[in-house]
Amino acid sequence: MKIVIADDYQDCVRHLDAFAALSGHDVTVYHDTLTDLEALVERFQPADALVLIRERTPITAELLERLPNLKVISQTGGGAAHVDLKACQRHGITVMAGKGSPYAAAELTWGLILSAMRHLPEEVANLKAGRWQQTLGTGLKGRTLGIFGFGKIGSLVARYAQAFEMNVLIWGREGTQARALEAGLTVAESQNDLFQRADVLSLHLRLNNETRGIVTEDHLARMKSTALLVNTSRAPLVAPGALVSALKAGRPGRAAVDVFDSEPAHDDPLIQLPNCVATPHLGYVEKDSYELYFGDAFANLNAFNNGEPVTNLAS
């Protein structure tokens, strides 16, 4: 097959152990992200198969109309919300997805919490510039970690918090609350209660029509001036512009984010705020995760090419 792999920012896919599974195929790897339709058509038109790295490039109906050779899309990870599945069905394009892993994202979440609470990025920069001990950090023991959403990643983050002797407070849908109670954790009285009580509040929700903008300016304004908001899930969980306004107003006092409304993010105002630690969507960008994600994606392609049964999300 002619296979196109898009958006390999770090030029790492060719160096994965999993890449050997594509030997014998005609593989082209691109390292940048395009948004122009004509440029995407030119790049993808020769492909029998596309391998997508998470949600970096949306696959729209308009784009699919211009890709007559495309037979199959193999998605890294488990989600395909950025792919127009109905359009794929109309064009007879098979869409396959693999497994995900919560560990890399949960570990990064905890790294961001520690970095922001102890001012690590600032102090690293201070030390390099010859300045010694310029900030006063805040410890975690005895403080309250609020977790909005208690799925695979949220439950891991809760376990990390318990190891740091934090109090854990959970909020989410009925299923979330039931799982939290079963795990022996405290459930907040309401979303407002979660935001008011948390010293650190971490978002772990899937992005869908119900959760888009679920965190509003009013929720953020209820947070403590000493609190930290962490978002390693999806930027649109927070209402547009709300977090920038809240950080400028001082409630919460700090934020740590790994996700942005538009990615790659170069001009997002969050990046420039002194009370925000920002990383470039690194949650799943880790060697073991990549071997898992791409191993699945490439195995799915080979199964499709060999005529083996596959699960088609577009069926």
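This dialogue walks through helices, cores, single residues and a pocket in a predicted model.

Student: Let's start with helix H4. How do I check the span of its 15 residues?

Tutor: Use the rise per residue. At 1.5 Å a residue, H4 (residues 103-117) should span 21 Å, and its end C-alpha atoms are 21 Å apart, so the two values agree.

Student: What about helix H12, with its 19 residues?

Tutor: Apply the rule again. H12 covers residues 287-305, and 27 Å is expected at 1.5 Å a residue. From first C-alpha to last, H12 reaches 26 Å, close to that figure.

Student: Is H4 mostly covered or mostly uncovered?

Tutor: Start with the helix repeat. An α-helix has 3.6 residues a turn, so residues three or four places apart point the same way. Now the case here. H4 is mostly covered, with 11 of its 15 residues buried. Among them are Ala 105, Leu 108, Leu 112 and Ala 116. Trp 110, Ile 113 and Met 117 are also on the buried list. Just after H4, His 119 has a positive phi of about 55°.

Student: Which elements do the buried residues of H12 pack against?

Tutor: They pack against H4 and four strands: E1 (2-5), E3 (49-52), E4 (72-75) and E5 (94-97). The buried set of H12 includes Tyr 290, Phe 294, Phe 298 and Leu 301. Polar and charged residues appear there too, including Ser 289, Glu 291 and Asp 296.

Student: Take Phe 294 from that set. What does Phe 294 contact, leaving aside neighbours within four places in sequence?

Tutor: Phe 294 is in contact with Val 13, Leu 16, Ala 18, Val 51, Ile 53 and Thr 76. Its relative accessible area is 1%, so Phe 294 is buried. The C-alpha atoms of Phe 294 and Asp 17 are 9.5 Å apart, although those positions lie 277 residues apart along the chain count.

Student: How many residues are in the largest nonpolar core?

Tutor: General idea: in soluble globular proteins, nonpolar side chains tend to be buried together. Here the largest core has 55 residues. Leu 145, Phe 148, Phe 195, Val 200, Leu 201, Leu 220 and Leu 243 have the most contacts inside it. H4 gives the most to this core, with 7 residues. A second, separate core has 21 residues, including Ala 6, Phe 44, Ala 47 and Leu 63.

Student: What does Leu 201 touch beyond its sequence neighbours?

Tutor: Its contacts include Gly 146, Phe 148, Phe 195, Met 223 and Val 230.

Student: Is Lys 248 buried or exposed?

Tutor: The cut-off for exposed is over 50%. Lys 248 has 64% relative accessibility, so it counts as exposed. Lys 248 is in helix H10. Compare Asn 126, in helix H5 (residues 120-128). Asn 126 is buried, at 9%. Asn 126 touches Arg 131 and Gln 134, not counting residues up to four places away in sequence.

Student: Now pockets. Which residues lie nearest the centre of the second largest pocket?

Tutor: Rolling a probe the size of a water molecule over the atoms shows where empty space is left. The second largest pocket holds about 180 Å³ of space. It is lined by 16 residues, with Ala 235, Gly 241, Leu 243, Asp 261 and Leu 270 nearest its centre.

Student: Which helix gives the most to that lining?

Tutor: H10 does, with 3 residues. H10 (242-249) and H11 (269-272) each supply at least two. By type, the lining has 12 nonpolar, 2 polar and 2 charged residues.

How values were computed: Residues numbered from 1 in each chain as written. Predicted model: local features only at pLDDT ≥ 70, side-chain atom pairs only at ≥ 80, totals over all residues. Heavy atoms only, no water. 1 Å grid on protein atoms, 1.4 Å probe; cavity = no way out; pocket = protein on both sides within 12 Å on 5 of 7 lines; lining within 4 Å. Points joined across faces, edges and corners; volume = space filled by probe spheres on them. Expected span 1.5 Å × (residues − 1). Buried < 20%, exposed > 50% of the residue type's maximum accessible area, 1.4 Å probe, protein only. Contact = heavy atoms within 4.5 Å. Core = buried A, V, L, I, M, F, W, Y, C linked by side-chain atoms within 4.5 Å.
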